[in-house]
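Student: Got a minute to walk through this one with me? I'd like to start with how the helices pack.

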Amino acid sequence: MRFVLRRLGFFVVTLWAAITLNFFIPRLMPGNPAEAMMARYHGRINPQALHALEIAFGVKAHQSLISEYFDYLGNVFRGRFGISLTFFPDPVMHDVLQALPWTLVLVGVTTVLAFFLGTLIGLVGAWRRGGLMDSAMPPIFVITSAFPYFWIAGIAIWLFSLKLGWLPHGGGYDPIDTPAWTWHFAHDAFVHSILPALTILVTAIGGWILTMRNNTISVLTEDYIRMARAKGLSPQRIMWTYAGRNAILPNLTGFAMSLGFVVAGAILVEYVFNYPGVGYMFLSSVTNEDYALMQGLFLLIVVAVLTAILAADVATAFLDPRTRDVR
Amino acid sequence: MKRGLLVLLLAGITAAAWTAVGSQAGTKHASGGSSVTIANVAGMSWTCNFNPFNSTVQFLAFGPMYEELVFVNALKSGAATPWLASKYTWSNHAKTLTFTIRKGVRWSDGKPLTAADVLFTFQLLKKHKALDLQAVWAVLKSVSKKGSNQVAFTFKSAAAPYFYYVAGQTPIVPKHIWAKIPNPVKYTDKNPVGSGPYTVGNCNPQRIIYSKNSHYWQKGKPKIDTVVYPAYTDNSPANLDLATGQDQWGGQYISNIKTSYTGKSKDNHYWFPPIANVSIFINLKNPILKNVAVRRAMAYAINRPHVAKLGESGYEPAGNQTGIVSPTFKSWENKKLAKQITYNPKKAKQILTKAGFKLKNGVFQTKSGQPLSFTMINISGYDDWIASASIVQDELKAIGIKITTSNISSNAYDDDTFNGHFQLAYDGNEAGGPSPYYEMRQELYSKNSAPIGKQASSNWERYYNKNVDKLIESYAKTTSLAKQHSIVNQLQAAMVRDIPVIPITEGVDFYEYNTKSITGWVNPKNPYAKPSPYEVPDWGVVLTHLRPKG
């Protein structure tokens, strides 16, 4: 319990630091929203209209940074992130919530899948070292992970949608469709997610395979494995409950973190596949100096990652008694 | 079993993929009537907001749904076509502009469009400055109704060029809808009621479907049943859809367009009409660059056709020092002035030597020993301009001027140019207009400038010349084409004499079109409107011209 409380305290302090950085970092970028707006009008707008626009957009050019900061803190805790400049006049949360499900499903499912498949391949490969799977899978996937993502994606689009014409090359669903909870639409969305999902999988899985395989190999030399063998336990049981369970521990935190990062979207994936998620929104908020949207998204990521780490800490504490003893 | 499980998992995924693949093959847009699909990377998903006074989404509403009083064709030196106004007259020395509103125009909800709607629209812009995107109330004094079907605009001073903004660039909205809206600035116009050829049939973040407005005032138009506007965030999918003919109307930059677009089908065509210059802006407050000899030498040292061919793949034609974009504004060009400064590195060196600069280690120096070495800023990501800038860099090096290029983000770039914190800037961010005057005014009028450290709106090089200011102001007083030509002629002379900016290439409108099932497109022989599917209100005009083939 003390461990959990201490973790919780740490969580709160980190969150505050993150929220504060989240406020100041965008303001260190060159330019300001008013200038970004002026650029959009290609020099046609007069200063008077610009001023009126600043007011409409809620750009307070003359407010002091400190009072702006306290306004911001207050609003964050009330869940108000203001109005997006890019998608004016929509509130930030409205747009984020619209894009988030796409990202959560696509990136979330592939992250989980990559972790499970990678762990499985790593474990089995290490158990049967030198076997067929061990000599084929890790090298293949480590190589695919080393390729730049856009290259893999480009090849996949070229092959599967241009040459063979099997799969659509972009978008979250067919432009002619209307999002609805129907079987037809779900199928359409699924078809559109196959290429992005496969390419993420192929590039993400290598890391998990390698770490799991190495963990398992070192665990296999432990005395308790020899002991289990001596007891005459079935190889299945030794692999899963003796080797696997211990080898997966270091990977759990990594997995939790990558789960947290799911909400950041996959900027490259969404860019290449024209996918309607938050990753692309993130990019455009930065180029448009859209402070409100940027802060909303950053905060979402920070909170998600911190929560995931907290959860992983707590989970590890229950799974592994040794961590609880640390004072 | 363990291997079995894995194989099973993999098999499951592949099977799922393949089933999906099977049913996906040959997906076509099932639609009964004729339709046109647009490929334009707007870099965002749609918010389904169609407020025509919202700068971000205006291009989705103004043209197809909301219309202008008079259509001004920027590709034909501002040729005017009466649109919602059937007639217009200037009086009182270009200070009063009177429109007669067309009879029989209906809003898409069936109610008639009247002079009261026009009056209301402009009053709305006066009340809410944030809606006044063209800043018409900076020059307008008053707007009033005259008789039953006329609206009179009175300007603070002579304002002939503002005709383009008042008549051609302001969307007219219905009073009976907009008068009830408490805050029109934040209004998300989800179900727009306009006078244009289309209404919103269906909208989601990935695409907009426009359908015919049955009340449209141009009888028998539009001919195309639906217009589909997908949201693209990246060039490659958009360009793919154009090449395959799935999208028929593009506003896209496509590299190697001859192989990757026109080579794919005989029905694929493109035309890139020049609109405004891409120039080197020179900071005239810089102690060395304010010497006109240095700028003149630079103007002679740059081989513009070479830059256009190598840097811009020939998409953007070469510019000239007069600043007249041709062929778009060819009739305005002073041919003698345009030929005066052409590529001549020998002459460039002579100019510098004559002005007292000394060549040392291949770089000219001032009398006090300062080398002619400057930094030229570029927007990173604008690959063609970066390529062009590096060619310019080589050419200037050959005559003894050292250029360091610095590619920075567009935010940092704007910050530097607006506030005057730069030496040289490679730029094509001016908006242009229906005659060369508009770009020249943006670049040369001292009121568009500001001291170093203060934001200038378009005269970033900080050019101050009283005579040029007077010329620019006198253009506003005349509606006579002959006088306008004579003024622009004198402005060209100032461009060649003072070299405030060096036009390098001519920025274009990107436009691709597919003639397989649709005709009526804008083409070089019939430039009836700016052809890109984001030009307001031009693309609405294009929509009224399109028709199914056969």
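Tutor: Sure. One term to begin with: helix axes here are lines fitted to C-alpha atoms over the stretch in contact, and angles run from 0 to 180 degrees between N-to-C directions. Keep in mind that this is a predicted model.

Student: Okay. At what angle do helix α6 and α8 of chain A pack?

Tutor: About 130 degrees, and the axes of α6(A), residues 132-146, and α8(A) are 7 Å apart. The two helices are therefore oblique to each other.

Student: What cut-off makes that oblique?

Tutor: Over 145 degrees would count as roughly antiparallel, and 65 to 115 as roughly perpendicular. The angle here is about 130 degrees, so it falls in the oblique class.

Student: Left-handed or right-handed crossing for α6(A) and α8(A)?

Tutor: α6(A) passes α8(A) in a left-handed crossing. From α6(A), the contact includes A:M137, A:P138, A:F141 and A:V142. Among the residues from α8(A) are A:V202, A:I205, A:I209, A:L210 and A:R213.

Student: How many residues of each class in the contact of α6(A) with α8(A)?

Tutor: Nine are nonpolar, five are polar and one is charged.

Student: Which way does α8(A) cross α10(A)?

Tutor: Helix α8, residues 183-220, and helix α10, residues 235-247, both of chain A, have axes that come within 8 Å and cross at roughly 125 degrees. That makes α8(A) oblique to α10(A). The crossing is right-handed. α8(A) brings A:M212, A:N215, A:T216, A:V219 and A:L220, while α10(A) brings A:A243, A:N246 and A:A247. By class, that contact has five nonpolar, three polar and no charged residues.

Student: How many helices and strands in chain A overall?

Tutor: 15 helices and zero strands. Of its 327 residues, 39% are buried. For contacts in chain A with a separation of 6 or more, 72% involve residues 24 or more positions apart.

Student: Switching chains. What does chain B have in helices and strands?

Tutor: Chain B has 17 helices and 22 strands. Its radius of gyration is 26 Å, close to the 24 Å that the globule rule gives for 550 residues, so chain B is as compact as a globular protein of that length. Its C-alpha atoms fill a box of roughly 85 × 75 × 45 Å along the principal axes. Buried residues make up 51% of the chain.

Student: Any single residue to look at? Is B:F272 buried or exposed?

Tutor: B:F272 is buried, with 22 other C-beta atoms within 10 Å. Its place is the loop between β12 (268-270) and β13 (274-282) of chain B. Leaving out residues up to four places away in sequence, B:F272 touches B:Y315, B:V508, B:D509, B:F510 and B:Y511.

Student: Now backbone oddities. Where are the cis peptide bonds in chain B?

Tutor: One joins B:S326 and B:P327, with omega about 15 degrees. B:P327 sits in the loop between α9 (304-310) and α10 (335-340) of chain B. Another joins B:V536 and B:P537, with omega about -10 degrees.

Student: And what is phi of B:S77 and of B:N92?

Tutor: B:S77 has phi near 50 degrees, a positive value in a residue other than glycine. B:N92 has phi near 60 degrees, also positive and also not a glycine. B:S77 is partly exposed, with 18 other C-beta atoms within 10 Å. B:N92 counts as exposed, with 12 C-beta neighbours inside 10 Å.

How values were computed:
Residues are numbered from 1 along each chain as its sequence is written. Chains are lettered from A and ligands numbered from 1 in the order in which they are written. This is a predicted model: local features need pLDDT of at least 70, side-chain atom pairs count only at pLDDT 80 or more; totals for chains, interfaces and linings use all residues. Helices (H or I, at least four residues) and strands (E, at least two) are DSSP runs, numbered from the N terminus. The radius of gyration is taken over C-alpha atoms; the globule rule is 2.2 Å times the number of residues to the power 0.38. A residue is buried if 20 or more other C-beta atoms lie within 10 Å of its own, exposed if 12 or fewer, and partly exposed in between; C-beta atoms are placed from the backbone. Angles under 35 degrees count as roughly parallel, over 145 as roughly antiparallel, 65 to 115 as roughly perpendicular and the rest as oblique. A crossing is left-handed if the near helix is turned anticlockwise from the far one by less than a right angle, and right-handed if clockwise. Two residues are in contact if their C-beta atoms, placed from the backbone, lie within 7 Å. Ala, Val, Leu, Ile, Met, Phe, Trp, Tyr, Cys and Pro count as nonpolar, Asp, Glu, Lys and Arg as charged, and the others, Gly among them, as polar.
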